[in-house]
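Reader: I would like to learn how to read a structure of this kind feature by feature. Could we take each feature in turn, with the general idea ahead of the particular case?

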Amino acid sequence: MELYSYFRSSAAYRVRIALNLKGLPYDYRAVHLLKDGGQQLAPQYRALNPNALVPALVDGDAVLTQSLAIVEYLEETHPQPPLLPSDALGRARVRAIAQTIACDIHPLNNLRVLKYLKHELKVSEEAKNAWYKHWVELGLAGVEAMLAGAPQTGRFCHGDAPTLADLCLVPQLANARRFGCDLSAMPTLARIEAACAELPAFQQAAPAAQPDAE
């Protein structure tokens, strides 16, 4: 398998964790989202992913895009260790947490949105960062409320093994810290993040551990 990734991309980070947890080897193909005007916009990459986003995963003749779809594909083709619970309610809860992060929080704050705010709408750097912090802090506060005190929450977001929810949470927290978000009122998220940080699969997927890290 080949993973087209950018070290700071939250979406690519999710897939790196999943591949590592499942013990699946892959070749890393760096796509720098800022160099050369954005390497994801080059025709050769658009041929892989017409949306010009990372990640893209090549498995044989198949090209997969969208991080959650890729993780679900890996779950179906390589079911051990599982990243989704065995029961329908558990799977729904894990997907709800994951989608809250990947579909509600992340799209408002990814690189192309921030660039549009700055370059097209002429928003100041201060206002752009305020936009980021507002939506990320609001969204993560909701995730904290979903997890805190819930009987299904264990060492990780759901039970005592990492799931799709943790794969989404850890990258979002990493980027939130990079932009100076206030996470002090989110002790459950911090506790789960610390548990994930103990696992080699998460350590090896971290942005600083990638070959294109800067």
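**Reading the model**

Author: Let us begin with a span: the end C-alpha atoms of residues 87-214 lie 41 Å apart, and this stretch is 65% helix and 0% strand. The model is a predicted one, and the span itself comes from UniProt, where an unreviewed entry places the feature "domain: GST C-terminal" at residues 87-214.

Reader: Which residues does the annotation "domain: GST N-terminal" cover, and how much helix and strand does the span 1-82 hold?

Author: The UniProt annotation, again from an unreviewed entry, covers residues 1-82. In that span the composition is 33% helix and 20% strand, and the end C-alpha atoms lie 19 Å apart.

Reader: Turning to empty space, what is the volume of the largest pocket, and which residues are the closest to its centre?

Author: The general idea is that rolling a probe the size of a water molecule over the atoms shows where empty space is left. In this model the largest pocket has a volume of about 970 Å³. Its lining is made up of 40 residues, and the closest to the centre of the pocket are L33, H106, N110, L111 and R112.

Reader: Which helices supply the lining of the largest pocket, and which gives the most?

Author: At least two lining residues come from each of α1 (10-21), α3 (67-77), α4 (88-105), α5 (111-120), α6 (125-147) and α7 (164-178). The most is given by α5, with six residues. If one sorts the lining by class, it has 17 nonpolar, 14 polar and nine charged residues.

Reader: Where does the largest pocket lie with respect to domain 1 and domain 2?

Author: The largest pocket lies between them, because domain 1 (1-79) and domain 2 (86-200) both give residues to its lining.

Reader: How many salt bridges does a search of the whole structure find, and which residues are linked in a network?

Author: In general, side chains of opposite charge can pair when their charged atoms come close. A search of the whole structure finds eight salt bridges, and E2, D27 and R29 are linked in a network of them. One of its pairs is formed by the side chains of E2 and R29, at 2.9 Å from N to O. That pair links distant parts of the chain, since E2 sits in strand β1 (residues 2-5) and R29 in strand β2 (residues 27-30), 27 residues apart. R29 also meets D27 in a salt bridge, at 4.0 Å from N to O.

Reader: Are E2, D27 and R29 buried or exposed?

Author: Each falls in the class between those words, which runs from 20% to 50% relative accessible area. E2 counts as partly exposed at 22%, R29 is partly exposed at 31%, and D27 is partly exposed at 41%.

Reader: What is the N to O distance in the salt bridge of K22 and E75, and which parts does the pair tie together?

Author: The side chains of K22 and E75 meet at 2.8 Å, N to O. K22 lies in the loop between α1 and β2 while E75 belongs to helix α3, so the pair ties together parts that are 53 residues apart in sequence. K22 is buried, with a relative accessible area of 9%, and E75 is buried as well, with 12%.

Reader: I would also like to read the backbone; which peptide bond at V54 is cis, and where does V54 lie?

Author: The general expectation is that most residues other than glycine have a negative phi, and most peptide bonds are trans. Here the peptide bond from V54 to P55 is cis, with omega near 10°. V54 lies in the loop between α2 (43-46) and β3 (56-59), and at 11% relative accessibility V54 counts as buried. V54 and Q40 are 14 residues apart in sequence, with 7.5 Å between their C-alpha atoms. The bond from Q80 to P81 is also cis, with omega near -10°, and P81 is placed in the loop between α3 and α4.

Reader: What is the phi of D36, and what is the phi of K122?

Author: Phi of D36 is near 55°, a positive value in a residue other than glycine, and K122, which is not a glycine, has a positive phi of about 60°. D36 is found in the loop between β2 and α2, and counts as exposed at 68% relative accessibility. K122 lies in the loop between α5 and α6, and is exposed with a relative accessible area of 66%.

Methods. Residues are numbered from 1 along each chain as its sequence is written. This is a predicted model: local features need pLDDT of at least 70, side-chain atom pairs count only at pLDDT 80 or more; totals for chains, interfaces and linings use all residues. Side-chain values use heavy atoms; hydrogens and water are left out. On a 1 Å grid over the protein atoms alone, a cavity is a set of points where a 1.4 Å probe fits but cannot get out, and a pocket is an open set with protein on both sides within 12 Å along at least five of seven lines; lining residues have an atom within 4 Å of a point. Grid points are joined across faces, edges and corners, and a volume is the space filled by probe spheres set on the points. Helices (H or I, at least four residues) and strands (E, at least two) are DSSP runs, numbered from the N terminus. Ala, Val, Leu, Ile, Met, Phe, Trp, Tyr, Cys and Pro count as nonpolar, Asp, Glu, Lys and Arg as charged, and the others, Gly among them, as polar. Domain bounds come from an automatic or database domain assignment. UniProt positions are given in the numbering used here, feature names are shortened, and annotations may be inferred rather than shown by experiment. Buried means under 20% relative accessible area, exposed over 50%, partly exposed in between (1.4 Å probe, protein chains only).
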